[in-house]
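This report describes selected side-chain features of one protein model for a reader new to the structure. It covers charged contacts, aromatic rings, a surface patch and cysteines.

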Amino acid sequence: NIITAHLGGGITVAAHDKGRVVDVNNGLDGDGPFSANRTGQVPIRELIRYCFDFGYSKEEVTKTFISQGGLYSYFGTVNAQKIEAMANAGDENADLILKAMAYCLSKEIGSNASVLKGKVDAIALTGGMAYSRFITSEIIQSVSWIAPVHIYPGESEMEALAYGALSDLRGEEKAIIFEG
């Protein structure tokens, strides 16, 4: 049983029960922790106020919350390593925001541990922000009591999709068609 946390433009945390994903947040649409450019979960009353008080269009709200939120909204960049360097140089705001991100991620990992009823063999951190020692060390401090944490930095989605397609074409696995 593994919990994976992909730390990219969006953040997804998934519970895998014996190889099958049984729960995952919708990081593509901004669910879960805030990320490099997504706001993550926000209080619904504040979202409603934001939309109505400022009269933004659906497109403007979507752009703000899905592509101009998260780290970008604070620093004008999605480069976590640059923000980490700021924190290491004494920027208290950068330190606070990165710690808040790690805190939110740790909570999401913990909630997935409950999905697996505490039977977690490993936690894997992947994605571009997994290169950040600042973020990963904060997460490890918070969740390593659940299971050993392994770090696999970088983006491998396209490679994984290609292997999945090959597996289907070779008849090794049957592709699942998702609708809706």
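## Salt bridges

The count of salt bridges comes to four. The model is a predicted one, and every value below is computed from its atoms. Three of the bridges are listed in the table.

| Salt bridge | Closest N to O distance | Citation |
|---|---|---|
| K18 and D17 | 3.4 Å | |
| D53 and R49 | 3.8 Å | |
| K99 and D95 | 3.3 Å | |

K18 and D17 form a salt bridge. K18 counts as exposed, at 73% relative accessibility, while D17 is partly exposed at 31%.

D53 and R49 both belong to helix α1, where they are four residues apart, and therefore about one helical turn separates them. D53 is exposed because its relative accessible area, 54%, is over the 50% cut-off. R49, at 37% relative accessibility, counts as partly exposed. This bridge is also part of a network of salt bridges that links E46, R49 and D53.

The side chains of K99 and D95 meet in helix α5, which covers residues 92–115. These two residues are four apart in the helix, so they are separated by about one helical turn. Both ends of the bridge are partly exposed: K99 has a relative accessible area of 36%, and D95 has a relative accessibility of 22%.

## Aromatic rings

The structure holds six aromatic pairs. One of them is formed by Y50 and F54, whose ring centres are 5.8 Å apart and whose planes stand at 55° to each other. A pair of aromatic rings is described by the distance of the centres and the angle of the planes. The pair of Y50 and F54 is classed as tilted, because an angle counts as tilted when it is neither under 30 degrees nor over 60.

Y50 and F54 both lie in helix α1, four residues apart, which is about one turn of the helix. How accessible is Y50, buried or exposed? Y50 counts as buried because its relative accessibility of 19% is under the 20% cut-off. F54, in contrast, is partly exposed at 48% relative accessibility.

These two rings also belong to a wider arrangement, since ring pairs link Y50, F54, Y56 and F65 into a cluster.

## A nonpolar surface patch

Helix α1 covers residues 44–54, and F52 is found in it. F52 is exposed, with a relative accessible area of 70%. Together with I44 and I48, F52 forms a nonpolar patch on the surface. The accessible area of I44, I48 and F52 together is about 370 Å².

Helix α1 thus contains F52 of the patch, Y50 and F54 of the tilted ring pair, and the bridged residues D53 and R49.

## Cysteines

How many disulfides are counted in the model? The count comes to zero. The rule for a disulfide asks for two cysteine sulfur atoms within 2.5 Å. Two cysteines, C51 and C104, are described here by their accessibility. C51 counts as partly exposed, at 23% relative accessibility. C104 is likewise partly exposed, at 25% relative accessibility.

How values were computed. Residues numbered from 1 in each chain as written. Predicted model: local features only at pLDDT ≥ 70, side-chain atom pairs only at ≥ 80, totals over all residues. Heavy atoms only, no water. Patch = residues over 30% accessible without salt bridge, like charges linked within 9 Å, V, L, I, M, F, W, Y side chains within 5 Å. Areas by Shrake-Rupley, 256 points an atom, 1.4 Å probe, with all protein chains shown as cover. Buried < 20%, exposed > 50% of the residue type's maximum accessible area, 1.4 Å probe, protein only. Phe/Tyr/Trp six-rings, centres within 6.5 Å; stacked < 30°, edge-to-face > 60°.
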